[in-house]
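This report describes a single protein model, moving from one charged pair outward to the sheet, the core and a connecting loop. Please read it alongside the sequence and the structure shown here.

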Amino acid sequence: MADKESKISNSVNIRNKRAGFEFEFLEKFTAGMVLQGTEIKSIRQGKVSFQDSYCIFFHDELFVRDLHISAYDKGTHYNHEPKRDRKLLLSKKELKRLSSKSEEKGLSIIPVKIFLSSRGYAKIEIALARGKKIHDKRESIKDRDLKRDLERNFYR
């Protein structure tokens, strides 16, 4: 039974690939998520989309907005709403730090990755990020291509 659970937790690792291209990460945090009903089952199936998702503060609490968790296939009328706001669980110290930093011009909080902890809880990695300019994106592409070429030549 323990082997089955570890396979589940290792198999769920959903990344926001676009975020690394669009943003420069300054700081990363790991937070828990408050989920309803069948959302965890959909996450385990990997049916999550980060398209245009971001984090926002309401009444000193952090929420992730526009994170699309698809409805569970076998769910009935108890299924969840796919694009609802989900509360993120962080310590007060981390929330205060994020709140003060996010008010600076040009900084935003974006979701980077969803995974399952060793105990089976859904966790989300968020990052305090600054948007990249066009020339920064070109530099990222050059670095990525150079790294890929070096790895190809290394293994030959």
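## A charged pair across two strands

Lys28 is partly exposed, its relative accessible area being 47%. The model in which this value was computed is a predicted one, and the descriptions that follow should be read with that in mind. The partner of Lys28 in a salt bridge is Glu125, with 3.6 Å between the closest N and O atoms. Because Glu125 belongs to strand β9 and Lys28 to strand β2, the pair ties together parts that lie 97 residues apart in sequence. In contrast to the partly exposed Lys28, Glu125 is buried, with a relative accessible area of 13%.

The backbone pairing involves these two strands as well, for β2 and β9 run antiparallel to each other over nine bridges. Lys28 takes part in this pairing, its bridge partner in β9 being Ala127.

## Other salt bridges

The structure holds nine salt bridges, and the pair of Glu125 and Lys28 is one of them. Another joins Arg65 to Asp85, where the closest N and O atoms are 3.1 Å apart. Since Arg65 lies in strand β5 and Asp85 in the loop between β6 (68–69) and β7, this pair ties together parts that are 20 residues apart in sequence. Both residues count as partly exposed, Arg65 at 23% relative accessibility and Asp85 at 27%.

A salt bridge within a helix is formed by Asp145 and Arg148, whose closest N and O atoms are 3.5 Å apart. These two residues are separated by about one helical turn, because they stand three residues apart in helix α5 (residues 134–154). Asp145 is partly exposed at 30% relative accessibility, and Arg148 is likewise partly exposed, with a relative accessible area of 39%. Elsewhere, Glu39, Arg84 and Arg86 are joined into one network by salt bridges that share partners.

## The sheet

Which strands make up the open sheet, and in what order? Seven strands form it, in the order β1-β8-β9-β2-β7-β5-β4, with antiparallel pairing. The edges are taken by β1 (13–15) and β4, each of which has a single partner strand, so one side of each is left without a neighbour in the sheet. On average, neighbouring strands of this sheet are turned by 40 degrees against each other when direction is ignored.

At the β1 edge, this strand pairs with β8 in the antiparallel sense over three bridges, and the bridge partner of Ile14 in β8 is Ile114. Further into the strand order, β2 pairs with β7 (residues 86–89), again in the antiparallel sense, over two bridges. In that pairing, Met33 has Leu88 of β7 as its bridge partner.

## The nonpolar core

The largest nonpolar core has 26 residues, and those with the most contacts inside it are Leu62, Leu67, Leu88, Ile114 and Ile126. Two or more residues are given to this core by each of β2 (23–33), α3 (39–44), β5 (61–65), α4 (92–102), β8 (107–116) and β9 (122–131). Leu88 and Ile114, both among the residues with the most contacts inside the core, also appear in the strand pairing, Leu88 as bridge partner of Met33 and Ile114 as bridge partner of Ile14.

What does Ile126 touch, once its neighbours within four places in sequence are left aside? Its contacts include Leu62, Leu88, Leu90 and Leu98, as well as Ile109, Ile110, Pro111 and Val112. Ile126 is also in contact with Glu27, Lys28, Phe29 and Cys55.

## The loop between β3 and β4

Ser53 lies in the loop between β3 (48–49) and β4 (54–58), and Asp52 is found in this loop too. Are these residues buried or exposed? Ser53 is buried, with a relative accessible area of 8%, whereas Asp52 is exposed, with a relative accessible area of 59%.

The side chain of Ser53 reaches the backbone oxygen of Phe50 at 2.9 Å. Not counting residues up to four places away in sequence, Ser53 touches Arg65, Asp66, Leu67, Ile110 and Pro111. Asp52, with its neighbours within four places likewise left aside, is in contact with Arg65 and Asp66. Between Asp52 and Phe23, which are 29 residues apart in sequence, the C-alpha to C-alpha distance is 13 Å. Arg65, touched by Ser53 and in contact with Asp52, is the residue that forms the salt bridge with Asp85.

Methods
Residues numbered from 1 in each chain as written. Predicted model: local features only at pLDDT ≥ 70, side-chain atom pairs only at ≥ 80, totals over all residues. Heavy atoms only, no water. Helix = DSSP H or I, 4+ residues; strand = E, 2+ residues; numbered from the N terminus. Buried < 20%, exposed > 50% of the residue type's maximum accessible area, 1.4 Å probe, protein only. Polar contact = N/O pair within 3.5 Å; in protein donor to acceptor, adjacent residues only side chain to side chain. Contact = heavy atoms within 4.5 Å. Core = buried A, V, L, I, M, F, W, Y, C linked by side-chain atoms within 4.5 Å. Pairing = 2+ DSSP bridges. Salt bridge = Lys/Arg side-chain N within 4 Å of Asp/Glu carboxyl O. Axes fitted to C-alpha atoms, helices over the stretch in contact; angles between N-to-C directions.
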